[in-house]
Amino acid sequence: MPPLLPRPNNFFNQPRNIPSASQHHAPSEVKQSPFVYYTFLLIGLSLLVFVLHKLDGILLPLCFSALLSTLLLPLVVRLENRRWPRVLAILVAILLLVGGIVGLIILFGSQILDLKAELPLIQAKLAVMFDQGQQWLHNRFGMRVMSKDEFLDSSLSSAKKSAGGFLGSTISTTAGVLSVLTLIPIYIFCFLYYRDHMRQFMFRFVAPDKRTAVLHTMDSIQTVVQAYIQGLLTVIVIVSVLNGIGLLLLDVKFAIFFAIFASVLAVIPYIGIMVGATIPALITLVETGSPGKAAAVVGVFVLVQFLEGNFITPMITGSKVSINPMAAIIALILGGELWGTPGMILSIPLTAVLKVVFDANKAMEPWGFLLGDVTDGEETKKDKSDDKPGFMAKAWRMIKRI
């Protein structure tokens, strides 16, 4: 009789780590605490700021080129629709841009040279006013009077200490500006020439069934950004003309320079008008010695700023992209800390681009609302189906058609 074999052990023959029929086969989701999530978010933002600061020599020309390419794109498309070759259309647009910048430099250069020739006289008058102000403070409050020689000695000693560093930074800054000015036209040409290729590159990150929605989003972002930049430049031109008319009527020296200078600074909320009005008012006070005329200069800038904020900008740029003053000032400070003066120049347009991108994304829409003006929330609640354009809006549309 053969020996009996042991019965098989079902426990050891079963496969391991297989859940039973009563268990759910999907793996359980691992939940992270908010502390861990926000910690990694802050680390990521810190690394992003570090990389942006270290790669400023590469990113600054690219940012300027992207904004200028967006500005030139409608002209290039219009020339291409007239059967111009793409290369020729892009070259013509770049030459027109360079010609406009050279004209501004020539205009500003002549005004700056005239201002430089007047500086010794302005300095002498300013020294007299400085002495008079110190005498008034001494008679009124008993403050010690600092002689002009002491003031000049202290200024010269501090200037000598920082002369070497200032000279080195000036040379390096000049070399950097020249290199950037050389690269920007090349980048603009590449952005405009390869724009279809870059759009196809972005499509490869999106599923085919979602490409139509992404295409509409990209077109809306491009349209709004173009309208914002064009509107901003139009506002600067109109404000420059109004400032120039007011300063010329007051017979202010260097009226054209101060008009353009203040109109560019007017883009900065609150701070721009203060700086843009203070400098010409002080020079007018030194030149004429009339506080009333200096106050009239300030009044011109305040009046033009009022017209710009309440009529010109809403009529031209509309409410598509409106940045509230607090967000604009914070963007200027962050841009200056990150990239210096070029960062301050780029801060407002880049903030507008971010707002457009945030508004197009449902998940980021609250951040776009935070960057926007306070009137944006009110306009969403108001039904504008029965609103009719006012007189100023109709006039502006007629001008644009002409």
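## A walk through a helical protein model

Let us start with one residue: isoleucine 279 sits in helix H10, which spans residues 271–288. The model we are exploring is a predicted one, and this residue is a friendly way into it. Isoleucine 279 has a relative accessible area of 35%, so it counts as partly exposed. Leaving aside residues up to four places away in sequence, isoleucine 279 touches Phe258 and Phe261. Phenylalanine 258 lies 21 residues from isoleucine 279 along the chain, yet their C-alpha atoms are separated by 8.4 Å.

### The overall picture

Which kinds of secondary structure does the protein have? The count comes to 15 helices and zero strands. The protein has 402 residues, and 25% of them count as buried. Now consider the contacts in the protein with a separation of 6 or more: residues 24 or more positions apart account for 66% of these.

The unreviewed UniProt entry adds an annotation here. According to that record, "transmembrane region" covers several stretches, among them residues 35–52 and 89–113. In the model, residues 35–52 are 100% helix and 0% strand, with the end C-alpha atoms 26 Å apart. Residues 89–113 are likewise 100% helix and 0% strand, and there the end C-alpha atoms are 36 Å apart.

### Two pairs of packed helices

How do we describe two helices that pack together? Two packed helices are described by the angle between their axes and the distance between the axes. Here are two pairs from this model.

| Helix pair | Angle | Axis distance |
|---|---|---|
| H8 (residues 211–249) and H9 (residues 255–265) | about 140° | 8 Å |
| H3 (residues 56–81) and H12 (residues 325–360) | roughly 45° | within 11 Å |

Take H3 and H12 to begin with. Their axes cross at roughly 45°, which makes H3 oblique to H12. This crossing is left-handed. On the H3 side, the residues that meet H12 are Asp56, Leu59, Leu60, Cys63, Phe64 and Leu67, and their partners in H12 are Trp339, Pro342, Ile345, Leu346, Pro349 and Val353. Sorted by class, this contact has 11 nonpolar residues, no polar ones and one charged residue.

Now turn to H8 and H9. With an angle of about 140°, these helices are therefore oblique to each other. Is their crossing left-handed or right-handed? The crossing of H8 and H9 is right-handed. H8 contributes Ile236, Val239, Ser240, Asn243, Gly244, Leu247 and Leu248, which meet Ala255, Phe258, Ala259, Ile260, Ala262, Ser263 and Val264 in H9. The contact of H8 with H9 has 10 nonpolar, four polar and no charged residues.

### A mostly covered helix

H9 deserves a second look. How many of its 11 residues are buried? The number is eight, and H9 is mostly covered. The buried residues include Phe257, Phe258 and Leu265. Where do the buried residues of H9 pack? They pack against H8 and H10, and also against helix H4 (86–141) and helix H11 (291–316). This brings us back to our starting point: Phe258, one of the buried residues of H9, is touched by isoleucine 279, which is found in H10.

### Around the loops

The loops have something to show as well. Most residues other than glycine have a negative phi, and most peptide bonds are trans. Arginine 83 has a phi near 65°, a positive value in a residue other than glycine. Aspartate 251 also has a positive value, with phi near 60°. Where do these two residues lie? Arginine 83 is in the loop between H3 and H4, while aspartate 251 is in the loop between H8 and H9. Are they buried or exposed? Arginine 83 counts as exposed because its relative accessibility is 80%, and aspartate 251 counts as exposed at 61%.

Finally, meet leucine 79, which is found in helix H3. At 10% relative accessibility, leucine 79 counts as buried. Which residues does leucine 79 touch, not counting residues up to four places away in sequence? They are Trp84, Ala89 and Val92. Leucine 79 and isoleucine 90 are 11 residues apart in sequence, and 8.8 Å lies between their C-alpha atoms.

Definitions and conventions. Residues numbered from 1 in each chain as written. Predicted model: local features only at pLDDT ≥ 70, side-chain atom pairs only at ≥ 80, totals over all residues. Heavy atoms only, no water. Axes fitted to C-alpha atoms, helices over the stretch in contact; angles between N-to-C directions. Helix = DSSP H or I, 4+ residues; strand = E, 2+ residues; numbered from the N terminus. Parallel < 35°, antiparallel > 145°, perpendicular 65-115°, else oblique. Left-handed = near helix turned anticlockwise from the far one by under 90°. Contact = heavy atoms within 4.5 Å. Nonpolar A, V, L, I, M, F, W, Y, C, P; charged D, E, K, R; others polar. Buried < 20%, exposed > 50% of the residue type's maximum accessible area, 1.4 Å probe, protein only. UniProt positions renumbered as here; feature names shortened; annotations may be inferred.
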